[in-house]
Number of protein chains: 4
Amino acid sequence: MSPPTDLPEMEYRFLGRSGLQVSAISLGGWLTYGGHVDREGTFACMKAAYDVGVNFFDCAEVYAKGESEKVMGEAIKKFGWQRNDLVISTKIYWGSAFSTRLVNNIGLSRKHIIEGMNQSLERLQLDYVDLIYAHRPDRNTPMEETVRAFNHLIDIGKALYWGTSEWDADEIAEARHYADKLNLIGPLMEQPRYNMLERLRVESTLAHLLRTPPSLGLTVFSPLRQGILSGKYKSGIPPDSRFAQTQLEFISGFWKRTGKEEFQEMVDTVSKLEPIAERLGVKQSVLALAWVLANKHVSSAITGASSPEQVYENVEALRVYKLLTEEVMGEIDDILGNKPPAVVMRF
Amino acid sequence: MSPPTDLPEMEYRFLGRSGLQVSAISLGGWLTYGGHVDREGTFACMKAAYDVGVNFFDCAEVYAKGESEKVMGEAIKKFGWQRNDLVISTKIYWGSAFSTRLVNNIGLSRKHIIEGMNQSLERLQLDYVDLIYAHRPDRNTPMEETVRAFNHLIDIGKALYWGTSEWDADEIAEARHYADKLNLIGPLMEQPRYNMLERLRVESTLAHLLRTPPSLGLTVFSPLRQGILSGKYKSGIPPDSRFAQTQLEFISGFWKRTGKEEFQEMVDTVSKLEPIAERLGVKQSVLALAWVLANKHVSSAITGASSPEQVYENVEALRVYKLLTEEVMGEIDDILGNKPPAVVMRF
Amino acid sequence: MSPPTDLPEMEYRFLGRSGLQVSAISLGGWLTYGGHVDREGTFACMKAAYDVGVNFFDCAEVYAKGESEKVMGEAIKKFGWQRNDLVISTKIYWGSAFSTRLVNNIGLSRKHIIEGMNQSLERLQLDYVDLIYAHRPDRNTPMEETVRAFNHLIDIGKALYWGTSEWDADEIAEARHYADKLNLIGPLMEQPRYNMLERLRVESTLAHLLRTPPSLGLTVFSPLRQGILSGKYKSGIPPDSRFAQTQLEFISGFWKRTGKEEFQEMVDTVSKLEPIAERLGVKQSVLALAWVLANKHVSSAITGASSPEQVYENVEALRVYKLLTEEVMGEIDDILGNKPPAVVMRF
Amino acid sequence: MSPPTDLPEMEYRFLGRSGLQVSAISLGGWLTYGGHVDREGTFACMKAAYDVGVNFFDCAEVYAKGESEKVMGEAIKKFGWQRNDLVISTKIYWGSAFSTRLVNNIGLSRKHIIEGMNQSLERLQLDYVDLIYAHRPDRNTPMEETVRAFNHLIDIGKALYWGTSEWDADEIAEARHYADKLNLIGPLMEQPRYNMLERLRVESTLAHLLRTPPSLGLTVFSPLRQGILSGKYKSGIPPDSRFAQTQLEFISGFWKRTGKEEFQEMVDTVSKLEPIAERLGVKQSVLALAWVLANKHVSSAITGASSPEQVYENVEALRVYKLLTEEVMGEIDDILGNKPPAVVMRF
């Protein structure tokens, strides 16, 4: 299956203050590959992504208990892509899923960072990853230990750059402090959740680190808020199917965490975006992804896809984000009603 | 043989200022594995320990002239335990036992640290240990050489953390000084002898290093003072047997070193603890181990065991130490009469 | 084929502030080996060069899309030269030619420096190169990243020294700044284009870095301005042949870049040098090469050669440059009319 | 052949400020192994030395054009000595002897240090040496390059310690300066020529570095001034034999370098020491070696030996140097008439 001929060209963006370029749209294994998308389906999605210019494939040791790394590694081998055409990432923290005992297979101790990296590379069948992320902060491990351990991975050639995921600004600042103090390499990029419904971290908490040099790189996940922003929940839960089942689980999990009302509120807000999408002649999901790409601090939006069609659809967002004028963005902000202040004032 | 079903759950503690967690009760090879406990017995004890949640197995190049490392390495391989479920340590200093000539096979020169590490890893059949200890201080080797050599082991991936055993506070402070000066990694933990009868080092000499950041980690050995604290000597030397023979040797060695009177005094003191153990409904050995675990600076108490039963018995201490209220501890202090002052006053 | 018996002896010069000595005349693969000079021709030229004492062979990942490295590596293997008799260089930057996709296969990111080096060594069939160059500056990659990555190559033994090619003085100064700040190794040498017609960079822009310690090493390329300085264009384009074809391409490319007039001006200037060459009894190409060697800051002039005869001819320049007295140099300067001021004055 | 039963026990001394101990008497390959002493003879001498407790075997890439390293490496392998029982050294500088071309196979450039080390280890059939020496200073290579390159050897595990041979005090001080500045390891030991007739360097030039911390280690060569101090030249050149031939070459070379008169003067001086040797009941050669060992700054005196008997004889010096009272030393100083002032006064 070949990509549609009228797709916009892939766009590449420098990752923070580095010389590395990542495709603005990237493909992640979370919730899909190694999980509900089977082996052949994964291969098809990854090939479609590669064919439209995606160079960044995102994974984590924890995705599908390691199966995500395995199947993505298989795809890379199967298609014989040149290593220098790819930016492969994985993330270390939640390693416990692959081990019989919890205690040292989680977190950011030197032990887990080194052992987790070795296991990830084995599953991926690679000598090194381009990006290694600390999948969460670990307040139990001293920052110096973590910074040293990630630098050790770089020194021995198992990773080229390191970064963080879902860290707070003060934690990133502390990591930079130890890197500076010890003449080591600091974290290059952060991977937060970012979408129309979750803006605080990127637009306020991390804003200072993104604006001032050395500017932090940003790869973001969950651009559709796990589907809510596609508008598919506006008429309630979709009919019973294996896929719907996954969503039911998601929604019931969501309800448990945040309450049914909050979910409904979000669905209502999303509905109000429909006219804008219609005006621009795009699906709501494409509008939501485009909105993420319009943030110039975002180096790459990590998308999930269950089929090549979804991959192609996502690429449309590269055309659409250029249509998001200041006026349209203002209109969206008014609907969302969650724009954080550019500068946090202190009284 | 399965562990009793009513054993308390294993407890894990962070090792000093690191992100590494060790089981509060650990198993050591000293005086047992590779020595008077045979191969099958070693396997049985290690399996029992692993099954009750012990993750930290302690060894040294000198234990049973290297046989301890060999048999413990065999066990790890035999049971196929995942490497990230284990915290394996060994210690370098007394290497001379395995070499025909003494001179450079002892101490903390760069030569012995590197060569000793290689030989230990070969005996253990491992690529790396988690913890490498300097088994004693070496005043003949400049501290800078020693600190650099242990960091070299970490840099080349043969050890994850390094520490000391039976070092004085000033020696640890000097090692930290050179680590700081050279931007290297300092010693993380100290392994002193610690039990009801030997409290000075932990509770006074090292107290400052334990209390102030970066807080020193503590793994302790000899919690039963080689059996004296179990109360088994109260009616004199036990009947003739191979095991008793070992103890006779121990006692006569002890008499030679410290005098028969001192031994008798200790036995008498220990007798006075019997009523407390009875009141708590536990063996005296369990009380003694629990007393060690009650010290919050202790990350792990390294126990010896000749049988799975002993392993299970030791785990009881995890329940018992929580029964040691301030009142009970005061009672014990009164009997022991050896509580060092919390702060050493200088006049 | 043996070298003529009356050739001057090879001269070796220290490369900048290093202890490495390179032959004053070296052989480069640019535009020749792997390209219009075939395999056997390359072997013949390299052997001729080696036989007359050339020890420095210059290459780049981009020359002939990697074919240059391959054939030069083959020659080194074929002739069984001892590795310590050779100074082998390559250059990283324009790697995209060997990859299906452009984005990360170009420039001086950590990714391309590491991946490019690995691929070059594979093509060269070597464990390490002596000199690794950054083939161009990369303003998109932070200098710290580039300096660290080249030092990484040195640390892991894949290169002995690193330098730059066609960098500006401020870029070299910035690289030195980061090397100093991080206690790393700075760039040792620069490889600019340098010949009678292009003097500004070496004689003015870089002059300060060449004169003051730590003095920058200089290896220069294009000593004949791609043939213009040989005087062969004075009677117009040479007759039609495969070689002429290449030159026609060169000339038409040149016209496109700088205009036909500028080319004719150069040809005219070069004609005026003919009487000097005749007086010294040498070909104009030898005079031009000798003029480059007369600059004491030049450690090596990288020459191209399509035949052993050209190699031998180039060596003549070692004799000739000693004939270039202050008077002759003045005469040449008057003809060229492009001598930059020794010190740039600021008003 | 077993060592005589009444030999004094070997003495071990710390090498400078390190934790490494070397036998006070060591065995060197210079002028003997790989040269005029054949393979079997080398094996016999090395075994004799090992049997009397010598642990330090000294070599250099240049000794017998590499044959010395080869045969000594063979011996180590043949006898199956444990690596940790041995202190093996070699020296880098004069590598040119093994290469067809001189230019980069000599000196202390990064290139020669790395390539020379690799070749020495191959000849020695070892993974690493204990001590690597810079065989001479190299004023053409910046000290920073040399210090970094020796540290590189230590970092990659090919050497444990590095030092110098025949360097001046200012050169050692400069090396220390760069090591300190860059947080690297400085040179540990110097290997000068030292004997009754050549005292200036050890007793005056280097005196300050030996006396003040970090005290420089000292291994010395040529304790018998190539045989002159044995007294064997007192009745003229010994009768014609293959061994005598070597000496004739030595003497004629000596005459060429320093003049026949100076040689005769030395022989005369040495004759005057005969009564002291007789009084102590030892050969003059043993007295000369004992005199070197009496200098407490000397960690090891490197001796040459053509037969096991000579090895045993040398060991006698360990007994004899303890007989060299202040009075006897004064007597010797009076005869030699070359004692340098302890402190160089400046006016």
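In the predicted model, the contact between chain B and chain D draws 22 residues from chain B and 19 residues from chain D. On the chain B side, two elements give two or more residues each: helix 3 (110–124) and helix 4 (143–155). Helix 3 of chain B supplies the largest share, four residues. By class, this side of chain B holds nine polar, seven charged and six nonpolar residues.

The relation between the two copies was examined next. Chain B superposes on chain D after a rotation of 90°. The shift along the axis is 0.0 Å, and the RMSD is 0.0 Å. This is therefore the relation of a four-fold axis. The surfaces used by the two copies are not shared to any great extent: only 5% of the interface residues of chain B are also interface residues in chain D. The copies therefore meet through different surfaces.

Within chain A, helix 1 packs against two other helices. Its first partner here is helix 2 of chain A. Helix 1 spans residues 39–51 of chain A, and helix 2 spans residues 67–79. Their axes come within 10 Å and cross at roughly 60°. An angle of roughly 60° is neither under 35 degrees nor within 65 to 115, so helix 1 of chain A and helix 2 of chain A are oblique to each other. The crossing is right-handed. Helix 1 of chain A contributes Arg39(A), Thr42(A), Phe43(A), Met46(A), Lys47(A) and Tyr50(A). Helix 2 of chain A answers with Val71(A), Met72(A), Ala75(A), Lys78(A) and Phe79(A). By class, the contact of helix 1 with helix 2 in chain A comprises seven nonpolar, three charged and one polar residue.

The other partner is helix 12 of chain A, residues 308–315. The axes of helix 1 and helix 12 of chain A come within 8 Å and cross at roughly 30°. Angles under 35 degrees count as roughly parallel, so helix 1 of chain A is roughly parallel to helix 12 of chain A. This crossing, too, is right-handed. From helix 1 of chain A, the contact uses Ala44(A), Cys45(A), Ala48(A) and Ala49(A). From helix 12 of chain A come Pro308(A), Val311(A) and Tyr312(A). The contact of helix 1 with helix 12 in chain A has seven nonpolar residues, with no polar and no charged residues.

Key
Residues are numbered from 1 along each chain as its sequence is written. Chains are lettered from A and ligands numbered from 1 in the order in which they are written. This is a predicted model: local features need pLDDT of at least 70, side-chain atom pairs count only at pLDDT 80 or more; totals for chains, interfaces and linings use all residues. Axes are lines fitted to C-alpha atoms, for helices over the stretch in contact, and angles run from 0 to 180 degrees between N-to-C directions. Angles under 35 degrees count as roughly parallel, over 145 as roughly antiparallel, 65 to 115 as roughly perpendicular and the rest as oblique. A crossing is left-handed if the near helix is turned anticlockwise from the far one by less than a right angle, and right-handed if clockwise. Two residues are in contact if their C-beta atoms, placed from the backbone, lie within 7 Å. Ala, Val, Leu, Ile, Met, Phe, Trp, Tyr, Cys and Pro count as nonpolar, Asp, Glu, Lys and Arg as charged, and the others, Gly among them, as polar. Copies are superposed by least squares on the C-alpha atoms of residues with pLDDT of at least 70 in both.
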